[in-house]
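Biologist: Could you take me through one part of this model closely, namely the nonpolar core and the cysteines, and place that part within the chain as a whole?

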Amino acid sequence: TVIGEFGKPVIIPPNSFALCHSIEWLRIPRDCLVKITGKSTYARSAQVVPVTPLEPEWDGQITIEISNTAPLPCYIYPGEGIMQLNFHLGNKVCKTSYKDRDGKYMGQEGIVLPKV
């Protein structure tokens with residue numbers, strides 16, 4: 001979900017991208033992997049949300065990249081669903097989770113820039 005002032009679009013310039021974050025806070029179970037994919041309506045309009053995994057026991061708000069690959073500006077409306085979460089349950093828990101490794105994006109809140 002795009003964050004901003006409801007009713008007013010976030011404008012992404014041509015051939016550019018924006019970072020947003022989810023409203024929801026997720027806590028992924030230890031026996032689950034989540035794959036984020038963009039919705040086809042936006043992809044058909046040249047707005048792309050890259051495929052992103054959320055590892056077992058990841059916790060936080062999702063930082064979302066929205067790429068505008070079109071030669072025109074795109075308009076994304078806050079609160080509108082722009083991606084899907086695909087949950088994949090394992091038949092057992094993982095040996096080492098994101099939390100066990102003290103993952104650098106654990107517990108993120110709001111937009112978190114890359115930590116390299």
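Modeller: What follows starts with the whole chain, goes on to the core and the cysteines, and ends with two loop residues. The model is a predicted one, and every value below is computed from it.

The protein chain has 10 strands and 1 helix, and the order of these elements from the N terminus is β-β-β-β-α-β-β-β-β-β-β. Along the principal axes, the C-alpha atoms occupy a box of roughly 45 × 25 × 25 Å. Of the contacts between residues at least 6 apart in sequence, 74% join residues at least 24 apart. The chain has 116 residues, of which 34% are buried, and its accessible surface is about 7100 Å², with carbon and sulfur atoms contributing 57% of that area. As for charge, the mean position of the 12 positive charges and that of the 11 negative charges lie 5 Å apart.

In soluble globular proteins, nonpolar side chains tend to be buried together. The largest nonpolar core of this model holds 20 residues, and the members that touch the most other members are Leu54, Ile62, Ile66 and Ile82. At least two residues of this core come from each of strand E2 (16-21), strand E4 (32-38), strand E8 and strand E9 (74-76), with E4 giving the largest share, 3 residues. Leucine 54 shows what such packing looks like at a single position: once its neighbours within four places in sequence are set aside, leucine 54 is in contact with Leu26, Ile28, Leu33, Val34, Ile36 and Ile62.

Isoleucine 64 belongs to strand E8, which spans residues 63-68, and isoleucine 64 counts as buried because its relative accessibility is 2%, under the 20% cut-off. Between isoleucine 64 and threonine 52 the C-alpha to C-alpha distance is 9.1 Å, for a separation of 12 residues in sequence. Another pair spans a separation of 42 residues: the C-alpha atoms of cysteine 20 and isoleucine 62 are 8.3 Å apart.

That pair leads on to the cysteines. Cysteine 20 sits in strand E2 and, with a relative accessible area of 5%, is buried. A disulfide is a covalent bond between the sulfur atoms of two cysteines. With sulfur atoms required to lie within 2.5 Å of each other, the model contains 0 disulfides. Cysteine 74 is in no disulfide, and the cysteine sulfur nearest to its own, that of cysteine 20, is 9.6 Å away. Cysteine 74 is also buried, since its relative accessibility is 3%. For cysteine 94, the closest cysteine sulfur is that of cysteine 32, and because the distance is 10 Å, the two are too far apart for a bond. Cysteine 94 has a relative accessible area of 21%, so cysteine 94 is classed as partly exposed, just past the 20% limit for a buried residue.

Two loop residues remain for a check of the backbone. Most residues other than glycine have a negative phi. Alanine 46, in the loop that joins helix H1 (40-43) to strand E5 (47-48), has a positive phi of about 75° although it is not a glycine. Glutamate 57, which lies in the loop between strand E6 (52-54) and strand E7 (59-60), likewise has a positive phi, of about 70°, without being a glycine.

Terms used
Residues are numbered from 1 along each chain as its sequence is written. This is a predicted model: local features need pLDDT of at least 70, side-chain atom pairs count only at pLDDT 80 or more; totals for chains, interfaces and linings use all residues. Side-chain values use heavy atoms; hydrogens and water are left out. Helices (H or I, at least four residues) and strands (E, at least two) are DSSP runs, numbered from the N terminus. Buried means under 20% relative accessible area, exposed over 50%, partly exposed in between (1.4 Å probe, protein chains only). Contact means heavy atoms within 4.5 Å. Accessible areas come from the Shrake-Rupley method with a 1.4 Å probe; for residues, only the protein chains shown count as cover. Lys and Arg count as positive and Asp and Glu as negative; His and the chain ends are not counted. The place of a charge is taken as NZ of Lys, CZ of Arg, CG of Asp or CD of Glu. A nonpolar core is a set of buried Ala, Val, Leu, Ile, Met, Phe, Trp, Tyr and Cys residues joined through side-chain atoms within 4.5 Å.
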